[in-house]
Amino acid sequence: MSFLRGVLAGLAIGYLTAPRSGKETRDKLTQRANDLQNQWEEGVSQLKSQFDQLVGTTENKVDQYANQAENKYNQYKNEAKGAKDKAKAEYNNAVDDAANSAKYGISKAEHDLKVG
C-alpha cells in the first residue's frame, strides 16, 4: 500500500511541477486518478472472478470425491450383504442336511429294531 502511495505522490508532484496551467494540471490529475481507480476496480474484479472460479472448481472436486466415496460404500455394503446371505444359505443347508441325516438315522434304527 505504501508503494502505491509513493507512486501517487510522485505522479502528483510531477504534474504539479510541470509547466501547465492550474486547470490543465487539475484536469490531468483528475483523469489520471480516475484511470488508476478504474485499473484498481478492474484488478479487483478479475481477482474476484478467479476466486469464484477456484471456489467452483473446488466444490466440483468435493462433490466428485463424495460421490466416489458413496459409490465405494454402497459397493462394499452390497458385497457384505451378499456374503452374509451366502453364509446364511450355507448354514441353513448344513442344518437341513444334518436334520435329514438324523431323520434317516432314526428311521433306519426304528426299522432295524422292529421284530418282525
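The accessible surface of the protein chain amounts to about 10,300 Å², and 57% of this area belongs to carbon and sulfur atoms; such areas come from the Shrake-Rupley method with a 1.4 Å probe, and for residues only the protein chains shown count as cover. This is a predicted model, in which local features need pLDDT of at least 70 and side-chain atom pairs count only at pLDDT 80 or more, whereas totals for chains, interfaces and linings use all residues. Residues are numbered from 1 along each chain as its sequence is written, and side-chain values use heavy atoms, with hydrogens and water left out.

The protein chain contains 2 helices and 0 strands. These elements are DSSP runs numbered from the N terminus (helices: H or I, at least four residues; strands: E, at least two). Of the 116 residues of the protein chain, 3% count as buried. Here buried means under 20% relative accessible area, exposed means over 50%, and partly exposed lies in between (1.4 Å probe, protein chains only).

A salt bridge requires a side-chain nitrogen of Lys or Arg within 4 Å of a carboxyl oxygen of Asp or Glu. By this rule, the count is 3 salt bridges, listed below.

| Salt bridge | Closest N to O distance |
|---|---|
| Lys48 – Asp52 | 3.0 Å |
| Lys81 – Asp85 | 3.0 Å |
| Lys108 – Asp112 | 3.6 Å |

Helix α2 spans residues 22-113, and Lys48 and Asp52 lie 4 residues apart in this helix, so about one helical turn separates them. Lys48 is exposed, because its relative accessibility is 53%. Its partner Asp52 has a relative accessibility of 39% and is therefore partly exposed.

Lys81 and Asp85 are likewise placed in helix α2, 4 residues apart, which corresponds to about one helical turn. Asp85 is partly exposed, with 36% relative accessibility.

In the third pair of the table, Lys108 and Asp112 are 4 residues apart in helix α2 and are thus separated by about one helical turn. Asp112 counts as exposed at 51% relative accessibility, while Lys108 counts as partly exposed at 42%.
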